[in-house]
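Here is a short, friendly briefing on a few helices and how they pack. Have the model open as you read, and pick out each helix as it comes up.

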Amino acid sequence: MAKLSVDQALLKAQSHMKKGEVEEAKKLYHSILQAFPKNKRAQQGLATLNKPKKSVVTQGPPQEVINKLINLYNQGQLTTAIEQASTLTEQYPEAFIIWNILGAANKGLGNISEASQSFKRVTELNSNYADGFNNLGVTLQEQGELEEAIAAYNKALAIKPEYPQAYNNIGTTLKEQGKLKEAIAAYNKALS
């Protein structure tokens, strides 16, 4: 295969992939790799085709479902929100936003332990979601686990350094521990 025909074959394989013609794309990638076993683009294309497709369950619920759940929460229908979110977490166990709403609704009803478990799950599913760590910190703080709460707030700040609510929450926690100078410093950061 000449350089141009390899490029053409790669483009054609990509075209087959986009159309969902997986077998045709695989044949082209295999023929390229027979002639050029170290061709990175063909290797990557074939690897992409061989990855198992994500099912609808792991992709998460449609946005309209999430919006309905948020509306229930915002309207104060917390028990209904918990019921629906619980069902959705079974259907979409990887959807961190559903776990976050479940945690918020539980917290709103005073179910702090359940809320904390939900927020912990949020942080496990999405380690880059600052709000999840902040929410977890609030529930830990309410359970008297102050050091763990501060650790959660610090994780939130590591993700989102300009997060006044997390600084405020650290200040409140430090104040509860009697560390007034550190609390004032945290409050000042929240204000700035």
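The expected span of a helix is 1.5 Å times one less than its number of residues. With that in hand, let's look at this predicted model, beginning with helix α2.

**Helix α2**
- Helix α2 covers residues 22-35, and its 14 residues should span 20 Å at 1.5 Å a residue; the end C-alpha atoms are 20 Å apart, so the two values agree.
- Which residues of α2 are buried? They are A25, L28, Y29, I32 and L33.
- These residues cover an arc of only 130 degrees around the axis, which puts them on the same side of α2.
- On the face turned away from that buried side, α2 carries the exposed residues K27 and Q34.

**Helix α6**
- Helix α6 (residues 78-91) also makes a good ruler check: from first C-alpha to last it reaches 20 Å, close to the 20 Å expected for 14 residues at 1.5 Å a residue.
- Its buried residues are L78, A81, I82, A85, L88 and T89.
- Viewed down the axis of α6, the buried residues fall within an arc of 135 degrees, so they line one face of the helix.
- The cover over these buried residues includes α5 and α7.

**Helices α5 and α7**
- The axes of α5 (residues 63-74) and α7 (residues 96-108) come within 11 Å and cross at roughly 10 degrees.
- That crossing makes α5 roughly parallel to α7.
- I66, L69, I70 and Y73 are the α5 residues in this contact, and they meet I97, I98, I101, A104 and A105 of α7.
- Sorted by class, the contact has nine nonpolar residues, no polar ones and no charged ones.

Key:
Residues numbered from 1 in each chain as written. Predicted model: local features only at pLDDT ≥ 70, side-chain atom pairs only at ≥ 80, totals over all residues. Heavy atoms only, no water. Axes fitted to C-alpha atoms, helices over the stretch in contact; angles between N-to-C directions. Helix = DSSP H or I, 4+ residues; strand = E, 2+ residues; numbered from the N terminus. Parallel < 35°, antiparallel > 145°, perpendicular 65-115°, else oblique. Contact = heavy atoms within 4.5 Å. Nonpolar A, V, L, I, M, F, W, Y, C, P; charged D, E, K, R; others polar. Buried < 20%, exposed > 50% of the residue type's maximum accessible area, 1.4 Å probe, protein only. Arc of directions from axis to C-beta.
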